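Visitor: I'd like to go through this model with you, one question at a time. Can we start with how the strands pair up?

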Amino acid sequence: MFLSSKILLRTALCLTLIAPVPVLAAEQPAAPPKEKAAEAALDGKTMQGNVLETMNSNGYTYLLLDAAQGKIWVAIPETQVKVGQNLAIAPGMTMFNFTSKTLNRTFDRIVFAPGPDKGSRPAAAAEAAKPAQGGGFDAALRAEATGAKDAATQPEGGSDASLGTSTGSAGAVVPSSEVNVHKAAGPNSYSVGECFEQGKELNGKTVRVRGKVMKISRMIMGKNWLHIQDGTGNPLKNHHDLVVTTQEDPGEGTVVTIEGKLAADKDFGAGYRYDVLVEDAKIEK
């Protein structure tokens, strides 16, 4: 009996030494749910948590929020916020590698939001729709409608009082012009009209489009916003004017071929919704 127990003990010990990997693997802690949640897209999501840091600059309040999605930098129109305060933030738009010139600081990831969440969808929507008072998410996007030439004419957090209530993305559309540009060659090439017609099918896919740059709104939310036309698309639906975001500046009036990821039914809030948008495009002149 004693001998059998001894043999069993040795066998168990040998098996443990021969195959330690599964045992060690089982002891490894799982990735914290908060870190996994932080990897998810934050666009259009309400965030709530304690304020870890806060600072004001040029009409913005920048705050570091310890939310369920992780530790997230958020920018809202200037608001009195205290460290330690528990705050809910209305849905906004995520920007990556955003540089604040007034703070002389680059944020790896920051969410621009219209302000604190009011606790109900109608209240939050009303807050987002207000004309900007001294800055904020809506003010920055409204600059896209003004065609501001650079950050100096439309400073970070700035606004144009003559605009009154935001006209949203519809106010930025360039009227249809007599343009006739041949379609780009090669795979994944589409005309402006085809991008709108096939928007749902092309959502999330890389597209190539050739057209004339009709307007550039520079460095709005860290990107240049191009409006290109090629003579196709339905002007009655504003489907003749394709908006493209990019870090490049080809100059107005130039004919370019852009390549980027198409997003269908892109809604930034505050009245800025695009049936079709091409994001983070590379440009060939």
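Visitor: How many bridges join strand β1 to β4?

Guide: This is a predicted model, so read everything here as computed from it. Strand β1 covers residues 47-57 and runs antiparallel to β4. One of the contacts pairs Gly49 with Leu87 in β4. The number of bridges joining β1 to β4 is four.

Visitor: Which strands are the edge strands of that sheet?

Guide: The sheet is open and has six strands with mixed pairing. Reading across, the order is β4-β1-β2-β3-β6-β5. An edge strand here pairs on one side only, and that picks out β4 and β5 (93-100).

Visitor: By how many degrees are neighbouring strands of this sheet turned against each other on average?

Guide: Direction is ignored for this number, so parallel and antiparallel neighbours go into one average. The value comes to 50 degrees.

Visitor: In which sense do β3 and β6 pair, parallel or antiparallel?

Guide: Strand β6 is a handy one to follow, with β3 and β5 beside it in the order. With β5, the pairing is antiparallel over seven bridges, and Thr99 stands opposite Thr106 in β6. With β3 there are three bridges, and Val74 stands opposite Val111 in β6. The sense for β3 and β6 is parallel.

Visitor: Which residue in the hairpin of β5 and β6 takes a positive phi?

Guide: The hairpin has four residues between the strands. The phi in question is near 55 degrees, and the residue is Asn104.

Visitor: Where is Asn238, and is Asn238 exposed or partly exposed?

Guide: Asn238 sits in the loop between β8 and β9. Its phi is positive, about 60 degrees, although Asn238 is not a glycine. Exposed would need over 50% relative accessible area. At 33%, Asn238 counts as partly exposed.

Visitor: Which strand holds Asp265, with its positive phi?

Guide: Asp265 is not a glycine either, and its phi is about 55 degrees. At 49% relative accessibility, Asp265 counts as partly exposed. The strand that holds Asp265 is β10.

Visitor: Why does the pair of Tyr62 and Phe107 count as stacked?

Guide: A pair of aromatic rings is described by the distance of the centres and the angle of the planes. For Tyr62 and Phe107 the centres are 5.5 Å apart. Stacked requires planes under 30 degrees apart. Tyr62 and Phe107 are stacked because their planes are at 5 degrees.

Visitor: How many residues apart are Tyr62 and Phe107 along the chain?

Guide: Tyr62 belongs to strand β2 (residues 60-67) and Phe107 to strand β6 (residues 105-112). Both are buried, and ring pairs link Tyr62, Trp73 and Phe107 into a cluster. Along the chain, the separation of Tyr62 and Phe107 is 45 residues.

Visitor: What kind of aromatic pair do Trp225 and Tyr274 form?

Guide: Trp225 in strand β8 and Tyr274 in strand β11 are 49 residues apart, and both are buried. Centre to centre the distance is 6.1 Å, with 40 degrees between the planes. Under 30 degrees would be stacked and over 60 edge-to-face, so this pair is tilted.

Visitor: Which residues touch the most other members of the largest nonpolar core?

Guide: That core has 20 residues. Elements that each supply at least two of them include α6 (192-197), β7 (206-220) and β9 (242-246). The residues you want are Val209, Ile228, Leu242, Val244 and Ile258.

Visitor: How many residues are in the second, separate core?

Guide: Tyr62 turns up again in this core, along with Tyr60, Met95 and Phe98 among its members. The second core has 19 residues.

Visitor: Is Lys82 buried or exposed?

Guide: Lys82 lies in the loop between β3 (70-77) and β4 (86-89). The C-alpha atoms of Lys82 and Glu53 are separated by 8.2 Å, with these positions 29 residues apart along the chain counted as their spacing. The relative accessible area of Lys82 is 64%, over the 50% cut-off, so Lys82 is exposed.

Visitor: What share of the 285 residues is buried?

Guide: Across the protein there are seven helices and eleven strands. About 15,200 Å² is exposed, with 54% of that from carbon and sulfur atoms. Buried residues make up 44%.

Notes: Residues numbered from 1 in each chain as written. Predicted model: local features only at pLDDT ≥ 70, side-chain atom pairs only at ≥ 80, totals over all residues. Heavy atoms only, no water. Core = buried A, V, L, I, M, F, W, Y, C linked by side-chain atoms within 4.5 Å. Buried < 20%, exposed > 50% of the residue type's maximum accessible area, 1.4 Å probe, protein only. Helix = DSSP H or I, 4+ residues; strand = E, 2+ residues; numbered from the N terminus. Phe/Tyr/Trp six-rings, centres within 6.5 Å; stacked < 30°, edge-to-face > 60°. Areas by Shrake-Rupley, 256 points an atom, 1.4 Å probe, with all protein chains shown as cover. Pairing = 2+ DSSP bridges. Axes fitted to C-alpha atoms, helices over the stretch in contact; angles between N-to-C directions.
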